[in-house]
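Biologist: Could you take one part of this model and go through it closely, starting from a single polar contact and following the surroundings outward? I would like one connected account rather than a list.

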Amino acid sequence: QVQFVESGGGLVQPGGSLRLSCAASGGTLDYYAIGWFRQAPGKEREGVSCISYSDGTTVYVDSVKGRFTISRDNAKNTVYLQMNSLKDEDTAIYYCATVYCRGGYSPIPLDAYWGQGTQVTVSS
């Protein structure tokens, strides 16, 4: 079973940027698609983005499209989320997970375990 270590979060001002990393721990990503999720206080967890293993499929929730970019480096077993033009509503804990990633659909997590995530806070 693949476990993940999320990193790269922090405190940034509105309009700033962060690059989140999702690294496999204790294994490899194999052929799984990977997704990013976030959960803000008082809200349910939502799918933010996902990327397929190799066929180029990417998905973004409408609220981040044009601002966030997901990518992966299979040789490093790592997935990234470049976050630009950050807004206060992006404040949340961000998690990654193996997912079913289909174009036009929100990613579906395949693992019931959620780790610590990484905190993103956008504030002046």
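Modeller: In this predicted model, the side chain of Asp 90 reaches the backbone nitrogen of Lys 87 at 2.8 Å. Asp 90 lies in the loop between β8, residues 78-83, and β9, and Asp 90 counts as buried because its relative accessible area is 0%, where buried means under 20%. Leaving aside residues up to four places away in sequence, Asp 90 touches Arg 38, Val 64, Arg 67, Phe 68, Ser 85, Val 120 and Val 122.

Two of these contacts are salt bridges, and I take them in turn. Asp 90 forms a salt bridge with Arg 38, in which the closest N and O atoms are 2.9 Å apart. Asp 90 sits in the loop between β8 and β9 while Arg 38 belongs to strand β4 (residues 33-39), so this pair ties together parts that are 52 residues apart in sequence. Both Asp 90 and Arg 38 are buried, the arginine having a relative accessibility of 6%.

The side chains of Asp 90 and Arg 67 also meet in a salt bridge, at 2.8 Å from N to O. This pair, too, links distant parts of the chain, with Asp 90 in the loop between β8 and β9 and Arg 67 in the loop between β6 (58-60) and β7, 23 residues apart. Arg 67 is counted as buried because its relative accessible area is 10%, under the 20% limit. Salt bridges that share partners join Arg 38, Glu 46, Arg 67 and Asp 90 into one network. The remaining member, Glu 46, forms a salt bridge with Arg 38, the closest N and O atoms being 2.7 Å apart. Unlike the buried Asp 90 and Arg 38, Glu 46 is partly exposed, at 29% relative accessibility. The count of salt bridges in the model comes to three.

The contacts of Asp 90 also include Val 120 and Val 122, and these lead to strand β11. Along β11, residues 118-122, the side chains alternate, with Thr 118, Val 120 and Val 122 pointing to one face and buried, whereas Gln 119 and Thr 121 point to the other face and are not buried. As a rule, side chains in a regular strand alternate between the two faces of the sheet. Strand β11 has pairing partners in both senses: β2 (residues 10-12) pairs with β11 in the parallel sense over three bridges, and β9 pairs with β11 in the antiparallel sense, also over three bridges. In the first pairing, Val 12 has Val 122 as its bridge partner in β11, and in the second, the partner of Tyr 94 in β11 is Thr 118.

Val 122 offers a further step outward, to Gln 13, which has its place in the loop between β2 and β3. Apart from residues up to four places away in sequence, Gln 13 touches Val 122 and Ser 123. Gln 13 is classed as exposed because its relative accessible area of 55% is over 50%.

The strands on either side of the Asp 90 loop complete the picture. On one side, β8 is mostly covered, since five of its six residues are buried. Strand β3 (residues 18-25) pairs with β8 in the antiparallel sense over six bridges, and Arg 19 stands opposite Gln 82 in β8. Strand β7 (residues 68-73) also runs antiparallel to β8 and is joined to β8 by six bridges, with Leu 81 in β8 as the bridge partner of Ile 70. The hairpin of β7 and β8 has four residues between the strands, and there Asn 77 takes a positive phi near 50°. Leu 81 can also be set against Gln 13: the two are 68 residues apart in sequence and 18 Å apart in space, C-alpha to C-alpha.

On the other side of the loop, β9 spans residues 92-100 and contains Tyr 100. Tyr 100 is partly exposed, with a relative accessible area of 41%, and together with Tyr 32, Ile 108 and Leu 110 this tyrosine forms a nonpolar patch on the surface, with about 400 Å² of accessible area in total.

How values were computed
Residues are numbered from 1 along each chain as its sequence is written. This is a predicted model: local features need pLDDT of at least 70, side-chain atom pairs count only at pLDDT 80 or more; totals for chains, interfaces and linings use all residues. Side-chain values use heavy atoms; hydrogens and water are left out. Patches are made of residues with over 30% relative accessible area and no salt bridge: like charges are joined within 9 Å, nonpolar side chains (Val, Leu, Ile, Met, Phe, Trp, Tyr) within 5 Å. Accessible areas come from the Shrake-Rupley method with a 1.4 Å probe; for residues, only the protein chains shown count as cover. A salt bridge is a side-chain nitrogen of Lys or Arg within 4 Å of a carboxyl oxygen of Asp or Glu. Helices (H or I, at least four residues) and strands (E, at least two) are DSSP runs, numbered from the N terminus. Buried means under 20% relative accessible area, exposed over 50%, partly exposed in between (1.4 Å probe, protein chains only). Two strands pair if DSSP finds at least two bridges between them. A polar contact is a pair of N or O atoms within 3.5 Å; within protein, one must be able to donate a hydrogen and the other to accept it, and residues adjacent in sequence count only if both atoms are side-chain atoms. Contact means heavy atoms within 4.5 Å.
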